[in-house]
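The exercises below take a single chain and work from its central strands outwards to its rings, its pocket and its backbone geometry. Please try each task on the model before reading the solution that follows it.

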Amino acid sequence: MTRQHEDAPPTRMPTLFVPHGAGPCFFMEWNPVDAWDKMAAFLKGVAASLPQRPRAIVLVSGHWLERKVMVTASTSPELIYDYSGFPAHTYELRYPAPGDPALATRLVDLLGKAGIAAGEDPQRGYDHGVFIPLKLMFPDADVPVVQLSLRSDLNAQAHIDIGHAIAPLRDEGVLIVGSGMSFHNMQGYGDPRFAPISDAFDHWLSETVSAAPAQRDALLQQWTEAPSARLCHPPHGEEHLLPLMVAAGAGANSSGRKIFSDRVMQTTLSAYQFG
């Protein structure tokens with residue numbers, strides 16, 4: 001049997017954009033009871049779909065915005081229960097994944113070399129955009145995680161550029177994940193009038209993701225011109241879409257595709273992969 005050369009490069013990891021649901025929706029009763037079942041099953045299957053086990057995860061959530069890009073730098077980040085009005089037990093959920101200060105420093109270095117201001121936050125914990133999906137994706141909490149913030153200016157091109165800057169991590173065994181929602185108009189959930197609205201935007205988004213990388217980036221930069229864009233992500237409320245921009249940017253020259261979609265609360269919600 002031929003032995004793989006010890007100096008062979010690691011497998012390049014894909015990048016992902018996944019929906020993280022509504023608050024702690026996967027860990028509580030919902031009406032209808034099966035509303036989030038398909039999404040939960042998708043998230044539970046992510047790890048098995050990867051080419052190898054990641055040595056670490058860099059996750060950008062729609063729930064952390066800063067003036068400049070920040071990264072968690074604690075060895076043991078706590079959880080931030082940044083949702084309200086849910087059952088008491090959902091504030092006792094645990095996800096003790098270790099941090100990775102060395103990876104945090106590497107992120108800041110990569111961003112700095114690309115001319116993007118960035119810093120480390122040794123106090124920041126994981127918000128629910130991190131620990132809720134990861135509890136399903138990597139339930140043993142044994143893969144180190146570094147959370148990366150969005151920029152509060154909500155500039156699409158800036159977030160694509162952030163993705164480009166951190167793309168080298170894919171060749172270092174790091175899984176880059178954008179955690180948000182492809183539809184996030186709080187007034188639209190549960191309203192049947194938003195079904196065709198979300199469908200139109202989802203169709204555009206799926207076609208855009210599968211376009212040639214240069215065209216993909218150009219279209220994503222102009223996402224507000226897409227059909228029903230501002231009905232799906234109201235002005236100044238696109239923080240749940242921007243993690244997709246980071247994942248797409250980190251995808252670099254890799255092709256993109258839709259890997260999951262479901263109708264939840266009258267709206268279409270999708271996940272995407274690059275590479």
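**Exercise 1. Determine how many residues of strand 6 (residues 174-180) are buried, and describe how its two faces are covered.**

Solution. Begin with the count: seven of the seven residues of strand 6 are buried, so this strand is largely enclosed by the rest of the structure. Buried here means under 20% relative accessible area, exposed means over 50%, and partly exposed lies in between, with a 1.4 Å probe and protein chains only. Strands (E, at least two residues) and helices (H or I, at least four) are DSSP runs numbered from the N terminus. Next, separate the faces: V174, I176, G178 and G180 lie on one side, L175, V177 and S179 lie on the other, and all of them are buried.

As to provenance, the model is predicted, local features need pLDDT of at least 70, side-chain atom pairs count only at pLDDT 80 or more, and totals for chains, interfaces and linings use all residues. Residues are numbered from 1 along each chain as its sequence is written, and side-chain values use heavy atoms, with hydrogens and water left out.

**Exercise 2. Identify the strands that pair with strand 6, and then follow strand 1 to its other partner.**

Solution. Two strands pair if DSSP finds at least two bridges between them. By this criterion strand 1 (residues 15-19) runs parallel to strand 6 and is joined to it by five bridges; L16 stands opposite V177, and P19 has G180 as its bridge partner. Strand 2 (residues 56-66) is likewise parallel to strand 6, over six bridges, with A56 placed opposite V174. Turning to strand 1, its pairing with strand 8 (residues 267-274) is antiparallel and comprises three bridges, and T15 is there matched with F274. Finally, check the burial of strand 1: five of its five residues are buried, with T15, F17 and P19 pointing one way and L16 and V18 the other.

**Exercise 3. Classify the aromatic pairs Y83 with Y91 and F201 with W223 by their ring geometry.**

Solution. Rings of Phe, Tyr and Trp (its six-membered ring) pair if their centres lie within 6.5 Å, and planes under 30 degrees apart count as stacked, over 60 as edge-to-face and the rest as tilted. A search of the whole structure returns 13 such pairs. The ring centres of Y83 and Y91 are 5.1 Å apart and their planes stand at 50°, so this pair is tilted. Y83 counts as buried at 8% relative accessibility, whereas Y91, at 26%, counts as partly exposed. F201 and W223, with 6.4 Å from centre to centre and 75° between the planes, form an edge-to-face pair. This pair links distant parts of the chain, since F201 belongs to helix 6 and W223 to the loop between helix 7 (213-221) and helix 8 (229-232), 22 residues apart. Both F201 and W223 are buried. To finish, Y81, Y83, F86, Y91 and F131 make up one aromatic cluster.

**Exercise 4. Describe the surroundings of T208.**

Solution. T208 lies in helix 6 (residues 194-209), and its relative accessible area of 2% makes it buried. Leaving aside residues up to four places away in sequence, T208 touches R216, L219 and L220, where contact means heavy atoms within 4.5 Å.

**Exercise 5. Find the backbone features of note around helix 9 and in the loops.**

Solution. Start with helix 9 (residues 242-251), of which 10 of 10 residues are buried. The helix is followed by A252, whose phi is positive, near 55°, although A252 is not a glycine. A252 sits in the loop between helix 9 and strand 7 (256-264) and is partly exposed, with a relative accessible area of 24%. M265, also not a glycine, has a positive phi of about 50°; this residue is in the loop between strand 7 and strand 8 and is partly exposed at 31%. Lastly, a cis peptide bond with omega of about 5° joins N31 and P32, and P32 belongs to the loop between strand 1 and helix 1 (37-44).
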